[in-house]
Amino acid sequence: MDEVRDHLEQGLQIVFIGFNPSLRSGEVGHHYANPRNNFWRILHQSGLTPRLYDASEDGELLKLGLGFTNIVSRPTRGIEDISREEYKLGREQLRAKLEKYRPEVACFVGKGVYTEFSRRNKAEWGFQDHIEPVVDGVREFVAPSSSGLVRMPLSDIVDIYRRLHEAVTERL
């Protein structure tokens with residue numbers, strides 16, 4: 001079981017930030033590799049990608065201006081297996097990554113990912129423009145988790161990701 005490599009570079013439009021990789025992602029070495037995870041379908045249906053990508057192609061999305069990382073790099077069965085110490089270290093590492101690579105938008109894949117990183121009690125879906133960003137100059141966007149366990153209808157999730165797509169395309 002390996003860590004799943006970040007896909008980060010300078011000049012990205014969006015960096016997607018998850019809690020941590022699933023066991024399946026750890027086995028295959030790619031982000032959002034669990035077949036029950038809707039991430040790749042959501043990106044395509046929202047317009048963020050021009051076609052449906054497979055998890056094995058996650059590194060290819062750098063060419064589209066999209067990157068990937070997690071708040072904790074160790075794959076686990078679920079977020080309940082992440083320790084407070086891992087979160088503390090992960091927050092520091094994630095902040096350093098965002099400061100180094102400076103994407104236009106940090107998209108947190110789940111409210112919990114955002115609140116864990118920002119140490120804020122709550123968040124609304126979408127851009128967090130009403131509050132000071134954790135990393136100056138990086139806009140924060142909170143999107144629903146793409147896990148198949150999420151109870152929100154997929155069409156509603158896609159609509160939130162579509163708002164992100166529309167915002168970054170308007171800025172081009």
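## How α2 crosses α5

Let's start with a helix pair: α2 passes α5 in a right-handed crossing. Keep in mind that this is a predicted model. Helix α2 covers residues 39–46 and α5 covers residues 154–170. Their axes lie 8 Å apart, and the packing angle is about 60 degrees. That makes the two helices oblique to each other.

Which residues of α2 and α5 meet? On the α2 side you'll find Ile42, Leu43, Gln45 and Ser46. Their partners in α5 are Leu154, Ile157, Val158, Tyr161, Arg162 and His165. Sorted by character, the residues of this contact come out as six nonpolar, three polar and one charged.

## His31, in the loop before α2

Now step back along the chain to His31, which sits in the loop between α1 (23–28) and α2. Is His31 buried or exposed? Its relative accessibility is 3%, and since anything under 20% counts as buried, His31 is buried.

Leaving aside residues up to four places away in sequence, quite a list touches His31. Among them are Val4, Arg5, Asp6 and His7, along with Ser25 and Trp40. Ala55, Asp58, Phe68, Thr69 and Asn70 also touch His31.

## Strand β3 and its partners

Next up is β3 (105–109), where five of its five residues are buried. In a regular strand, side chains alternate between the two faces of the sheet. For β3, both faces are covered. Val105, Cys107 and Val109 are buried on one side, and Ala106 and Phe108 are buried on the other.

β3 has a parallel partner in β1, joined to it by four bridges. In that pairing, Val15 stands opposite Ala106 of β3. β3 also runs parallel to β5, with five bridges joining the two. Here Phe108 is the residue that stands opposite Val142 in β5.

## Helix α4, mostly tucked away

How many of the eight residues of helix α4 are buried? Six of them are, so α4 (residues 111–118) is largely enclosed by the rest of the structure. The buried residues are Val113, Tyr114, Thr115, Glu116, Phe117 and Ser118.

The cover over those buried residues includes three strands already mentioned, β1 (14–18), β3 (105–109) and β5 (139–143), plus helix α3 (84–101). Just after α4 comes Arg119, whose phi is positive, near 65 degrees.

How values were computed: Residues numbered from 1 in each chain as written. Predicted model: local features only at pLDDT ≥ 70, side-chain atom pairs only at ≥ 80, totals over all residues. Heavy atoms only, no water. Axes fitted to C-alpha atoms, helices over the stretch in contact; angles between N-to-C directions. Parallel < 35°, antiparallel > 145°, perpendicular 65-115°, else oblique. Left-handed = near helix turned anticlockwise from the far one by under 90°. Contact = heavy atoms within 4.5 Å. Nonpolar A, V, L, I, M, F, W, Y, C, P; charged D, E, K, R; others polar. Buried < 20%, exposed > 50% of the residue type's maximum accessible area, 1.4 Å probe, protein only. Pairing = 2+ DSSP bridges.
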